[in-house]
Amino acid sequence: MIPQKIALITGGSRGLGKDMALSFARRNVNVVLTYNTNEDQARQTVKEIEDLGIKAACLQLDMAHFHSLDGFAQTFSDILDTRFQCSTFDYLINNAGMGQTVPFTEVTEAIFDQFLNVHFKSVYFLTQKLLNSMNAEGCIVNISTGTTRFSNPGYSVYASMKGGIEVFTKYLAKELGTRNIRANVVAPGPVETDFNNAAIRSNPQLKAVMSNMTPLGRVGAPDDIGSVVAFLCSPEAKWINGQRLEVSGGINV
Ligand SMILES: NC(=O)c1ccc[n+]([C@@H]2O[C@H](COP(=O)([O-])OP(=O)(O)OC[C@H]3O[C@@H](n4cnc5c(N)ncnc54)[C@H](OP(=O)(O)O)[C@@H]3O)[C@@H](O)[C@H]2O)c1
């Protein structure tokens, strides 16, 4: 019997990551997801996956604490062993993240360092630390943002870090090809989640502006994104490598 594939999704407790987790489960892929503080929501997502007949587990991970990554890698290895009876996995989805609207002139070193750790440094080194556990024909998807292509006031530090992982992804695609591992970027446009203090959901005016910027006349929903990530990891997408796929309804096209 062919062993079932396993996806690790950081920030899978809610929002886009939760939809990615469910999308993988619908494709018969086992899931390990991470949360930072919302253990209850993470467990709820695990339950929804298990209700589909797919194995799942959740682990705590704080990308802001770079020095916790080694401990996380060990815990992840342990859970592969105990819950999935294997030592390797297939798909790494670097999705976890947070947002804050801060004008360039007000960005402090502390804010800069927080975004650097969560959105770039920890993504870079978590990928490095987990690489030797990835199977051939594996796939990495790094979640970026539409705001690397167009500018959104107050997003200078956030989008700069996301720009960093877009460049990083091209290098992954180049250097991991010999291991038969692909790497791509998914760049969502504005999606109505808890992101950035639920900026879109809690601000109808902003939501209307962003909807009007989008040819399809609305902002995104989590289920616009997860299925694309799961597709990119599937055999149907086996020739897509080193690409940035914007999933935004064509905002600012
Ligand atoms: N929503 C959008 O409009 C949008 C647009 C473009 C790109 N994105 C990107 O999409 C990704 C997911 O965003 P989302 O909208 O799903 O946000 P969300 O609903 O706020 O969910 C964020 C997820 O990341 C986890 N997380 C937050 N801070 C973390 C940290 N320091 N360490 C580890 N995990 C952490 C959260 O865990 P807890 O539940 O435990 O807090 C949660 O699972 C982010 O990378 C974001 O930059 C979002």
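In this predicted model, the side chains of H65 and D62 are joined by a polar contact of 3.0 Å. H65 sits in the loop that runs between β3 (56-60) and α3 (69-84). Its C-alpha atom is 11 Å from that of D113, a residue 48 positions away along the chain.

D62 also takes us to the ligand: one of the polar atoms in the D62 side chain lies 3.0 Å from a ligand nitrogen. So D62 shows up twice, once with H65 and once with the ligand, and this sentence rests on the definition of a polar contact as a pair of N or O atoms within 3.5 Å. Two further side chains can be listed on the oxygen side of the ligand. For Y158, an N or O atom of the side chain is 2.6 Å from a ligand oxygen. For T193, the distance from a polar side-chain atom to an oxygen atom of the ligand is 2.6 Å. As for cover, the ligand on its own exposes 900 Å², and the protein buries 95% of that.

Zooming out a little, there are 31 residues around the ligand, and S13, R14, N95, Y158 and T193 are the ones that come nearest. Y158 and T193 thus turn up both in that nearest group and in the side-chain distances just given, with the shell itself set by a 4 Å cut-off. Sorted by class, the shell splits into 13 nonpolar, 14 polar and four charged residues. Helices α1, α4 and α5 each put at least two residues into this shell.

The space that the ligand takes up is the largest pocket. That pocket has a volume of about 1100 Å³ and a lining of 50 residues, with G97, M98, G99, F195 and N196 lying nearest its centre. Several elements each supply at least two residues of the lining: α1 (15-26), β2 (30-35), α4, α5, α6 (195-198) and α7 (204-212). In terms of class, the pocket lining divides into 22 nonpolar, 24 polar and four charged residues.

Then there is the enclosed space. The count comes to one cavity of 30 Å³ or more, and the volume of the largest cavity is about 40 Å³. Its lining is made up of T10, M63, N94, N95, A96, V118, H119, V123, I143, K162 and I165. N95 is worth a second look here, as N95 lines the cavity and is also among the residues that come nearest to the ligand. At least two lining residues come from each of α4 (109-130) and α5 (156-176), and α4 gives the largest share, with three residues. By class, the cavity lining holds six nonpolar, four polar and one charged residues. Helices α4 and α5 therefore recur throughout, with at least two residues each in the cavity lining, the pocket lining and the ligand shell, where helices are taken as DSSP runs.

Key
Residues are numbered from 1 along each chain as its sequence is written. This is a predicted model: local features need pLDDT of at least 70, side-chain atom pairs count only at pLDDT 80 or more; totals for chains, interfaces and linings use all residues. Side-chain values use heavy atoms; hydrogens and water are left out. On a 1 Å grid over the protein atoms alone, a cavity is a set of points where a 1.4 Å probe fits but cannot get out, and a pocket is an open set with protein on both sides within 12 Å along at least five of seven lines; lining residues have an atom within 4 Å of a point. Grid points are joined across faces, edges and corners, and a volume is the space filled by probe spheres set on the points. Helices (H or I, at least four residues) and strands (E, at least two) are DSSP runs, numbered from the N terminus. Ala, Val, Leu, Ile, Met, Phe, Trp, Tyr, Cys and Pro count as nonpolar, Asp, Glu, Lys and Arg as charged, and the others, Gly among them, as polar. A polar contact is a pair of N or O atoms within 3.5 Å; within protein, one must be able to donate a hydrogen and the other to accept it, and residues adjacent in sequence count only if both atoms are side-chain atoms. Accessible areas come from the Shrake-Rupley method with a 1.4 Å probe; for residues, only the protein chains shown count as cover. A molecule sits in a cavity or pocket if more than half of its atoms lie within 2 Å of its grid points.
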